[in-house]
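Here's a quick tour of a protein model, made for someone just getting started with structures. Keep the 3D view open and click along as you read.

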Amino acid sequence: MTSLRHNSYLDAAREAILDVGWRRTTLTDVARRAGVSRMTIYRAWPDMESLLADLMTREWTEMAAATPGDTDRVTPESIADAIVALVATLRANALFRRILDVDPEMLLPYLLQRRGRSQQAVLDILLDRISAGQAAGTVTSGDPETLARTVLLASHGLALSTQTMTDNRISEKAIDATFADLVSKGLRP
């Protein structure tokens, strides 16, 4: 659990990134905004990369934890609705938008090289829901971890590239609904 003190530092980092972008934000800027010395920030984070990783984890893990879903009766539809709701919340998140608009290369390691903590949090939620649905007989059989990872991988494109596929004919809402339908059909027994 992040301490209240660290949360105030992360809040300061969030403000700075929203103002000037990640590349132009320094640990010194974060310290100034947080009203502490540079060394205080350096004791917690050796560099901006580690601070950004903690900030993204805090921000997006909170979103994942707040994802709606009926945990009493897990169905393919409820899983699909939850992942689409999470992706829509992420797409609307100011920090995510700012990183995507100004410093999109910051997200590449999490798409191409390694799984981040917030991705793992979403995987854990998906795994729990898929496993519960399998136990209830409402979700297809198969390795629940593989199913969860596949849904998460497919949702990456929905989070990052939906705007490239929308126009005056096809809306974001239509793409989200189609994705939800594909996920729910894929998870049906």
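In helix α2, the buried residues are Leu27, Asp29, Val30 and Ala31. Right after α2 comes glycine 35, with a positive phi of about 75°. Keep in mind that this is a predicted model.

**The overall picture**
- The protein chain has 10 helices and zero strands.
- Read from the N terminus, its elements go α-α-α-α-α-α-α-α-α-α.
- Along its principal axes, the C-alpha trace spans about 55 × 40 × 25 Å.
- How much of the chain is buried? Buried residues make up 43% of its 189 residues.
- Take the contacts with a separation of 6 or more: 68% of them are between residues 24 or more positions apart.

**The nonpolar core**
- The largest nonpolar core holds 52 residues, and the ones touching the most other members are Ile41, Leu51, Trp60, Ile83, Ile99, Leu107 and Leu126.
- Eight names appear on the list of elements giving two or more residues to this core: α1 (4-20), α2 (27-34), α4 (48-65), α5, α6 (94-102), α8 (117-136), α9 (144-161) and α10 (172-187).
- Which element gives the most to this core? That's α4, with nine residues.
- Leucine 107 is a nice core residue to click on. Leaving out residues up to four places away in sequence, leucine 107 touches Met56, Trp60, Phe96, Ile99, Leu100 and Leu160.

**Helix α8**
- Does the length of α8 add up on paper, and what should its 20 residues span? At 1.5 Å a residue they should span 28 Å, and the end C-alpha atoms are 29 Å apart, so the two agree.
- The buried residues of α8 are Ser118, Gln119, Ala121, Val122, Leu123, Leu126, Arg129, Ile130 and Gly133.
- If you're looking for a pattern in a list like that, remember that an α-helix has 3.6 residues a turn, so residues three or four places apart point the same way.
- What do the buried residues of α8 pack against? Their partners are α4, α5, α7 (108-112), α9 and α10.
- Following α8 you'll find glycine 137, which has a positive phi near 80°.

**Serine 118, up close**
- Serine 118 sits in helix α8.
- Is serine 118 buried or exposed? Its relative accessible area is 14%, which is under the 20% cut-off, so serine 118 counts as buried.
- Setting aside neighbours within four places in sequence, serine 118 is in contact with Met56, Thr57, Trp60 and Thr61.

**Arginine 91, up close**
- Arginine 91 belongs to helix α5, which covers residues 76-92.
- With a relative accessibility of 7%, arginine 91 falls under the 20% cut-off and therefore counts as buried.
- Which residues does arginine 91 touch, apart from those up to four places away in sequence? They are Phe96, Arg97, Leu158, Ala159, Thr162, Glu172 and Asp176.
- Arginine 91 and lysine 173 are 82 residues apart along the chain, yet 12 Å separates their C-alpha atoms.

**Empty space: the pocket**
- How do you find gaps in a structure? Rolling a probe the size of a water molecule over the atoms shows where empty space is left.
- The largest pocket has a volume of about 440 Å³.
- Its lining is made of 25 residues, and those nearest the centre are Trp60, Leu90, Ser118, Gln119 and His156.
- The elements giving two or more residues to this lining are α4, α5, α7, α8 and α9, and α4 gives the most, with six residues.
- By class, the pocket lining splits into 17 nonpolar, six polar and two charged residues.

**Empty space: the cavity**
- Counting cavities of 30 Å³ or more gives one.
- The largest cavity has a volume of about 70 Å³.
- It is lined by Ala64, Thr67, Ile79, Ala82, Ile83, Leu86, Val122, Ile125, Leu126 and Arg129.
- Both α5 and α8 supply at least two residues of that lining.
- The cavity lining has eight nonpolar residues, one polar and one charged.

How values were computed. Residues numbered from 1 in each chain as written. Predicted model: local features only at pLDDT ≥ 70, side-chain atom pairs only at ≥ 80, totals over all residues. Heavy atoms only, no water. Helix = DSSP H or I, 4+ residues; strand = E, 2+ residues; numbered from the N terminus. Buried < 20%, exposed > 50% of the residue type's maximum accessible area, 1.4 Å probe, protein only. Contact = heavy atoms within 4.5 Å. Core = buried A, V, L, I, M, F, W, Y, C linked by side-chain atoms within 4.5 Å. Expected span 1.5 Å × (residues − 1). 1 Å grid on protein atoms, 1.4 Å probe; cavity = no way out; pocket = protein on both sides within 12 Å on 5 of 7 lines; lining within 4 Å. Points joined across faces, edges and corners; volume = space filled by probe spheres on them. Nonpolar A, V, L, I, M, F, W, Y, C, P; charged D, E, K, R; others polar.
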